[in-house]
Amino acid sequence: MKFYGYKKDGDELLELEEVTLQCSVNELEDIIGFLIETKKKHSSVMDKTDICHSHFKDWSESYNKSNPDFIIVSKFK
């Protein structure tokens, strides 16, 4: 597992050493739901593609779109 991110207003992708999520219990429940659904989605295309990604901003109806996105990327090959 690797973590990547950008500096605020930056465009260079950086590998991160540590990630901290500050969230409420309700937001944590949303993240858990997203991860469960993402696992199902990515598992269903595992033999059909080399890579798959899912955006939390696209999945969550309640997430504040001005906050940073949370993206899960699965590489299969």
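This dialogue walks through salt bridges, a backbone angle and a pocket in a predicted model.

User: How many salt bridges does the structure hold?

Analyst: Look for a side-chain nitrogen of Lys or Arg within 4 Å of a carboxyl oxygen of Asp or Glu. The structure holds two such pairs. In one, E37 and K40 meet at 3.5 Å, N to O. In the other, K77 pairs with D50, with the closest N and O atoms 3.8 Å apart.

User: Where do K77 and D50 lie?

Analyst: K77 is in the segment after β4, and D50 is in the loop between α1 and β3, so the pair ties together parts 27 residues apart in sequence. K77 is exposed, at 76% relative accessible area. D50 is partly exposed, at 44%.

User: And where do E37 and K40 lie?

Analyst: Both are in helix α1, three residues apart, about one turn of the helix. E37 is partly exposed at 37%. K40 is exposed at 53%.

User: Is D9 buried or exposed?

Analyst: Exposed means over 50% relative accessible area. D9 counts as exposed because its value is 80%. D9 sits in the loop between β1 and β2. Check its backbone too: phi is near 65°, a positive value in a residue other than glycine.

User: Which residues lie nearest the centre of the largest pocket?

Analyst: Read a pocket by its volume, then its lining. The volume here is about 1,500 Å³. The lining has 34 residues, with Y4, P68, D69, F70 and I71 nearest the centre. β1, α1 and β4 each give two or more residues. β4 gives the most, with four. By class, the lining has 17 nonpolar, eight polar and nine charged residues.

Definitions and conventions. Residues are numbered from 1 along each chain as its sequence is written. This is a predicted model: local features need pLDDT of at least 70, side-chain atom pairs count only at pLDDT 80 or more; totals for chains, interfaces and linings use all residues. Side-chain values use heavy atoms; hydrogens and water are left out. On a 1 Å grid over the protein atoms alone, a cavity is a set of points where a 1.4 Å probe fits but cannot get out, and a pocket is an open set with protein on both sides within 12 Å along at least five of seven lines; lining residues have an atom within 4 Å of a point. Grid points are joined across faces, edges and corners, and a volume is the space filled by probe spheres set on the points. Ala, Val, Leu, Ile, Met, Phe, Trp, Tyr, Cys and Pro count as nonpolar, Asp, Glu, Lys and Arg as charged, and the others, Gly among them, as polar. Buried means under 20% relative accessible area, exposed over 50%, partly exposed in between (1.4 Å probe, protein chains only).
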